[in-house]
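Biologist: I'm new to reading protein models, so could we go through this one slowly? I'll ask, and you show me how you get to each answer.

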Amino acid sequence: MQKTPVSSMRSFWGLLKAYWVSDSWKEAWALTLAVAFLSAAASKSGVWVAEASGDFISAIASFHGADVGTALPAVVDAALVLCGLAFLKLAVFLGLRHFFASTLHQRWRKWMDQQFNSALIGHNRAYYHLLVLGQSADDAASNVPDNIDQRIQDSIKVMTGNTLGMAMGLFSVVTSVYFVGEMLFSSSVAIDGLPYLGSYGSVALIFALAVTYVPLSTLIAARIGKMIETLNNAMQKYEGSYRAELAMLVRRYLPIAAARGEVVQLDIHRRQYRSIDKIWSKQNRVSASYLAFNQFYTFVTQKIVAYLPNMPAYMQGAISFRAYVTGSELVSELINDCSWLIQVMPDIANLKANANRVIELADAIERVQDSQAFYRETGISEFIYDDQPTSQGLSVRGLELMFAGHDAQPFLRLARLDIKPGQWIFVRGPSGSGKSCFIKALNGLWPYGRGRISLPLGCKTLYACQDTRLPQASLKQLICVPDDADVRRDIEVAAVMSAVGLGDFIDNMGNPYYKGRRWDDVLSGGQKQKIVLARILLHMPDILFLDEATAALDPDARTLFHKLIRQRCRNAMVISVMHDANPPTDAFGRSFYNYILNIENGRAGLEPVILPAAEREPHGGPRPLVPIMRRQS
C-alpha cells in the first residue's frame, strides 16, 4: 500500500511527534527550544517571586515592631522587588513564551493542514472514496469518518493548541518542582520527633503531604475528565453534522425555496440540534462538578494545606515567621505544580477527543489508498483495471454493478463491450437503471461490483458530469483543469472560449471574480457546461465520458457541443449518458453516435444506430462495419 503524508499519524504519539521528525524539523525544534528556555526561566523566577512575597509579607508583619523610619522603606522596597520580579516572570518570560508558543502553534497547524489536504486530494482521490459512501445513521456501523471538514479545521486546531499547552505546562511543572524543591531542601530544618531525618525533617513533611494529598485528588479529577472526554466526542459529532446540514442549505437554497420546503428544513435542524442540546446539558452538569471540585481544592491548598508542613518547625521555634511565610509560599507553589493534572483535566479530555478524531481520519485516508480493499469492508469490490494496446480501444468484460452489502445482487450486468478509437456510444435506459453508475465504474469511481475494464495504454480520459458547481478560481483555471493555468497559454484558452460561446468573458478569464462575484454565481447552467466543452476542446481526450453533460443546453447549443467534439477530437472514444430516448443529431438529422447501449431490466446490450444508406458516414469519421456485441435480452 502506498504511504501518504499522514501514514505516520495513525497513533496518538505518531500524531504528536510527526511535525518534529518531518522536513520542517529545524523550524519545529528551534521554536520548541525557545519555549522550553522561557518556561524554565519563568519557573526559576517563580521561586524568586515566592521569596519576594515572603519578604513583603514579613515586612508588613514586623511594621509595628520596628522604627517607622526604617519599617516603611522596607515595605516599599519589598513591594518594588516583588513587582519587579513579577513583571520579569509574567510580562517578559511568559509574554515572550506566549509569542513563541503561538507561533509554533501556527506553524504546526499549517503543516498538519497541508499534510491532510495533500493526502485527501492526492492522485488516489481519497476524498472521493471517503465521501462517496456518505454518512451512516447514528446507530449504523460505518468505516467512513464523519464530518471530515470539522476534523481538518476544528479538531486539528484544538488538538495542536492543547498539545502545546500540555507540553508547556508539563515542562513548567518539572522545572518548577526542581527549583522549588531545591529551595525547600536548602531551607529545611530538623523537626522534633523525627530525629532520624536530621535537618531534612521539614522538607520530608512537605513531600509526604504532596505525595498523599495530590494523587488522591488527581484520581477524582481523572474520573470527571473521562466523562468530559466522552461528552466532547459526542458533541463534536453532533455539532459537525449540524454544521454540515447548514452548509448543505447554502448549496440547495433554490430547490428548498422553490418547493417551499422550509417546514421540512426547520424540522431537520430542530432534530439535529436536539442531540446537541442533550449533550450540552450533560456537559453543563459535569463541568459544574469539576469546577466546584477544582475551586474547593485550590482554596484548601492555598489557604490551609500549604501552611501545614512548616507548622511544626515554626511552633518549635526552628524557623522565623518570615521563613515560615516564605516556606508556605513555596509549598503552595510545589503543590500547585504537582496538581497540574487536576488543573488541566478538561484540556486533557479535549485533547484526547480531538486527537482521536484526527487519528481516525488519518487511518481512513491510509486504508482508502487501496480503494477496493476499503470497499470490501462493506461490500463486494472486485474490479480489475488494466492497460491494452491503443488500437484495441476500451474493453469491458464481465461487468456487474452492485450496492453495499456482502450479499448484494447485481443491478446491472454487461458481459462484453469493445469500443474502438473514433466510435461513439450512446447509453440509453430508464431513470434509475444504472447509466451513471456504468460511467462511474469505467472511471474507477463506482465502489461495489466486479469486472475487468481495459483502457488504451497511456490514454487521456476526461469525465464530464452534470453537476457543474465551480470552485473559486479564475475562469482560465476552471477551463485548464486538470492542468494548472500557467501550463496553458492565454491564446489557447481564448480560442476555445470563443469557439464554445464564452468569448464575452475572455478579458476577465484571469480573474477569480467577475464584477465582484464568483464565477459559480455569475454563469448560468448552460454556460457552465460550455466551460466543460472548452475543457474538452483544450485537452482533446482519447476517451470522453459525458454524464448528462449537455442537460442545461438548448437544442442548438447541444448540437454545437457534439459538432465541435466531432471536429476537434476525431479519434476520441465517446460514451454518453443522456435523458433523451434517441441520440442527438446534427442539423441534417444525422446521428453523432455509432452505437446505442441499451440498459433494460438490469442488463446492457449494444446495437448500431440505424441510418439511411446515404447518411452512413456523415462526419467522415470511422464507423464500425458490424455491431461490437450482440444485444442481450
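**A walk through the model**

Modeller: Let's start with one residue: lysine 515 is exposed, with a relative accessible area of 74%. Keep in mind that this is a predicted model.

Biologist: Where is lysine 515 placed?

Modeller: Look along the chain for strand β7, residues 513-514, and then for β8, residues 517-518. Lysine 515 is in the loop between β7 and β8.

Biologist: What is the phi of lysine 515 near?

Modeller: Most residues other than glycine have a negative phi. Lysine 515 isn't a glycine, yet its phi is positive. The value is near 55 degrees.

Biologist: Is asparagine 601 buried or exposed?

Modeller: Asparagine 601 sits in the loop between β11 (595-600) and β12 (603-608), and it has a positive phi of about 50 degrees although it is not a glycine. Its relative accessible area is 83%, and exposed means over 50%, so asparagine 601 counts as exposed.

Biologist: Which peptide bond is cis, with omega near 10 degrees?

Modeller: Most peptide bonds are trans. For this cis one, go to the loop between α15 (475-480) and α16 (490-500), where proline 482 is found. The cis bond runs from valine 481 to proline 482.

Biologist: What is the mean pLDDT of the chain?

Modeller: Start with the share of residues that reach 70 or more, which is 93%. The mean for the chain is 85.

Biologist: Which element has the lowest mean pLDDT?

Modeller: At the high end is strand β2 (residues 394-401), with a mean of 96. At the low end the mean is 71, and that belongs to residues 253-259, helix α7.

Biologist: How many contacts does the model have for residues 613-633, beyond four places in sequence?

Modeller: Be careful with this stretch: its pLDDT stays under 50. Where pLDDT is low, the predicted coordinates should not be read in detail. With that warning, the count for residues 613-633 is 53.

Biologist: Which element gives the largest share of the lining of the second largest pocket?

Modeller: This pocket holds about 650 Å³ of space and is lined by 25 residues, with Thr163, Leu164, Met166, Ala167 and Met168 nearest its centre. Several elements give two or more residues to the lining, including α2 (25-61), α3 (68-120) and α12 (345-367). The largest share, 7 residues, comes from α5.

Biologist: How many residues in the lining of the second largest pocket are nonpolar?

Modeller: Sort the lining by class. There is 1 charged residue, and there are 3 polar ones. The nonpolar count is 21.

Biologist: Is methionine 159 buried or exposed?

Modeller: Methionine 159 lies in helix α5. Apart from neighbours within four places in sequence, methionine 159 is in contact with Leu15, Leu16, Trp108, Met112, Leu351, Asn354 and Ala355. Its relative accessibility is 0%, and buried means under 20%, so methionine 159 counts as buried.

Biologist: How far apart in space are methionine 159 and valine 358, C-alpha to C-alpha?

Modeller: In sequence they are 199 residues apart. In space, the C-alpha to C-alpha distance is 8.4 Å.

Biologist: What is the relative accessible area of asparagine 354?

Modeller: Asparagine 354 is in helix α12. Not counting residues up to four places away in sequence, asparagine 354 touches Asp154, Ser155, Val158, Met159 and Gln236. Asparagine 354 is buried, and its relative accessible area is 2%.

Biologist: How many residues does the largest nonpolar core have?

Modeller: The residues with the most contacts inside this core are Met112, Phe116, Phe438 and Ile575. Its largest share, 9 residues, comes from α12. Altogether, the core has 74 residues.

Biologist: What separation do the C-alpha atoms of arginine 376 and isoleucine 224 have?

Modeller: Arginine 376 is in the loop between α13 (371-375) and β1 (381-388), and arginine 376 is partly exposed, with a relative accessible area of 39%. Along the chain, arginine 376 and isoleucine 224 are 152 residues apart. Their C-alpha atoms are separated by 40 Å.

Terms used: Residues are numbered from 1 along each chain as its sequence is written. This is a predicted model: local features need pLDDT of at least 70, side-chain atom pairs count only at pLDDT 80 or more; totals for chains, interfaces and linings use all residues. Side-chain values use heavy atoms; hydrogens and water are left out. pLDDT is the predictor's confidence in each residue, from 0 to 100. Helices (H or I, at least four residues) and strands (E, at least two) are DSSP runs, numbered from the N terminus. Contact means heavy atoms within 4.5 Å. On a 1 Å grid over the protein atoms alone, a cavity is a set of points where a 1.4 Å probe fits but cannot get out, and a pocket is an open set with protein on both sides within 12 Å along at least five of seven lines; lining residues have an atom within 4 Å of a point. Grid points are joined across faces, edges and corners, and a volume is the space filled by probe spheres set on the points. Ala, Val, Leu, Ile, Met, Phe, Trp, Tyr, Cys and Pro count as nonpolar, Asp, Glu, Lys and Arg as charged, and the others, Gly among them, as polar. Buried means under 20% relative accessible area, exposed over 50%, partly exposed in between (1.4 Å probe, protein chains only). A nonpolar core is a set of buried Ala, Val, Leu, Ile, Met, Phe, Trp, Tyr and Cys residues joined through side-chain atoms within 4.5 Å.
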